[in-house]
Amino acid sequence: MSAKPPRAKPLPVEDRRAMLIDATLPLLLEHGNAVTTRQIADRAGIAEGTIFRAFDSKDDLIDAVVARQVDPEPFRRRLRGIDTTLPLEERITAIVALMRDRFTTVFSLMSVIGHRGPHPSDDSRREFAEIIARILAPDLDRLTVSAERAAQVIRMLTLAASVPHVRNGPDFDDAEIAALILHGIDGIPAPGSTAHGSSLVDTTLPASAPATDSTLIPALH
């Protein structure tokens, strides 16, 4: 008779909590608040009772899932990692990609479980604006608005494009949103033109990088 395999070493509580949060997020997106601890345990590959060694209740576990998703610091770290030597449009596209990923997950979660967690504070908005200002710093003299206003425009348009019932039509890709942010719906003004329309970039100033085809699309929204 063969010997039984050794029992797996128990996880530390913090590791068990992290594992359960990972397992619960996709189930919440699928089932909302109706998700059961049995489904969570099956997904995590543990006994149902093990959940309650890490969390007092299912609601506590859901709160932990939400807290991780709305925590702005991991998102800020990824923003800070954007290479400021990239051309301006590539930096804007990178910002948009990170923001869409965050918005899509958070709003998908809130749509099935309702709002949980704090609303963004003035300090949080200020921190975001400061990070965006650092990313845009090499090209601030090209912009027609302040760095703070640019951060607001980026956030506003990316948020609208990320929420289906606000977008109310076909999806946008990251490059389209970036081009819309930078050049508006009328594209780049012709040389010598004094009209900038809704463009974020003052194209009468020397550009640090050549325009790409995507910036010439006349209407993106």
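**Helix packing and local backbone features**

Immediately after helix 1, the backbone of glycine 32 adopts a positive phi of about 65°. This value, like the others reported here, is taken from a predicted model. In that model the protein contains 9 helices and 0 strands, so that its pattern, read along the sequence, is α-α-α-α-α-α-α-α-α. Of the 221 residues of the protein, 37% count as buried, and the accessible surface amounts to about 12,600 Å², with 55% of this area belonging to carbon and sulfur atoms. Among the contacts that join residues at least 6 apart in sequence, 67% link residues at least 24 apart.

Helix 1 itself, which spans residues 13–31, has 19 residues and extends 26 Å from its first C-alpha to its last, a distance close to the 27 Å expected at 1.5 Å a residue. A bend of about 30° is nevertheless found at threonine 24, and proline 26 follows within four residues of that position. The buried residues of helix 1 are Arg16, Leu20, Ile21, Ala23, Thr24, Leu25, Leu27 and Leu28, a list that includes the residue at which the helix bends. The cover over these buried residues includes helix 2 (37–44), helix 3 (58–70) and helix 5.

A loop residue also packs against helix 1. Alanine 54 lies between helix 2 and helix 3 and, with a relative accessible area of 10%, falls under the 20% limit and is therefore classed as buried. Setting aside residues up to four places away in sequence, alanine 54 touches Arg16, Arg17 and Leu20, of which Arg16 and Leu20 belong to the buried residues of helix 1. The C-alpha atoms of alanine 54 and alanine 18 are 9.5 Å apart in space, although the two residues are separated by 36 residues in sequence.

The largest nonpolar core comprises 27 residues, and those with the most contacts inside it are Leu79, Ile92, Ile95 and Ile132. Two or more residues of this core are contributed by each of helix 4 (72–80), helix 5 (88–113), helix 6 (122–136), helix 7 (147–162) and helix 9 (174–183), with the largest share, 7 residues, coming from helix 5. When neighbours within four places in sequence are left aside, isoleucine 95 is in contact with Leu79, Ile82, Ile132, Ile135 and Ile154. Apart from this core lies another, of 22 residues, among which are Leu20, Phe55, Leu109 and Met110.

Two arginines are also buried. Arginine 76, located in helix 4, has a relative accessible area of 14% and so counts as buried; beyond its neighbours within four places in sequence, arginine 76 is in contact with Ser124, Glu127 and Ile131. Arginine 100, found in helix 5, is likewise buried, at 13% relative accessibility. The side chain of arginine 100 reaches the backbone oxygen of phenylalanine 172 at 2.7 Å. Not counting residues up to four places away in sequence, arginine 100 touches Thr158, Ala161, Ser162, Asp171, Phe172, Asp173, Asp174 and Ile177.

Several of these contacts lead to helix 9 and the segment that precedes it. At the start of helix 9, a side-chain oxygen of aspartate 173 comes to within 3.1 Å of the backbone nitrogen of alanine 175. Because 7 of its 10 residues are buried, helix 9 is largely enclosed by the rest of the structure. The buried residues in question are Ile177, Ala178, Ala179, Leu180, Ile181, Leu182 and His183, and what covers them includes helix 5 and helix 7. Just after helix 9, glycine 184 takes a positive phi of about 70°.

A further positive phi occurs before helix 9. Most residues other than glycine have a negative phi. Asparagine 168, although not a glycine, has a positive phi of about 50°. This asparagine 168 is placed in the loop between helix 8 (164–167) and helix 9, where its relative accessibility of 66% exceeds the 50% limit, so that it counts as exposed.

Conventions. Residues numbered from 1 in each chain as written. Predicted model: local features only at pLDDT ≥ 70, side-chain atom pairs only at ≥ 80, totals over all residues. Heavy atoms only, no water. Core = buried A, V, L, I, M, F, W, Y, C linked by side-chain atoms within 4.5 Å. Buried < 20%, exposed > 50% of the residue type's maximum accessible area, 1.4 Å probe, protein only. Contact = heavy atoms within 4.5 Å. Expected span 1.5 Å × (residues − 1). Bend = angle between axes of the 7 residues up to and from the residue. Polar contact = N/O pair within 3.5 Å; in protein donor to acceptor, adjacent residues only side chain to side chain. Areas by Shrake-Rupley, 256 points an atom, 1.4 Å probe, with all protein chains shown as cover.
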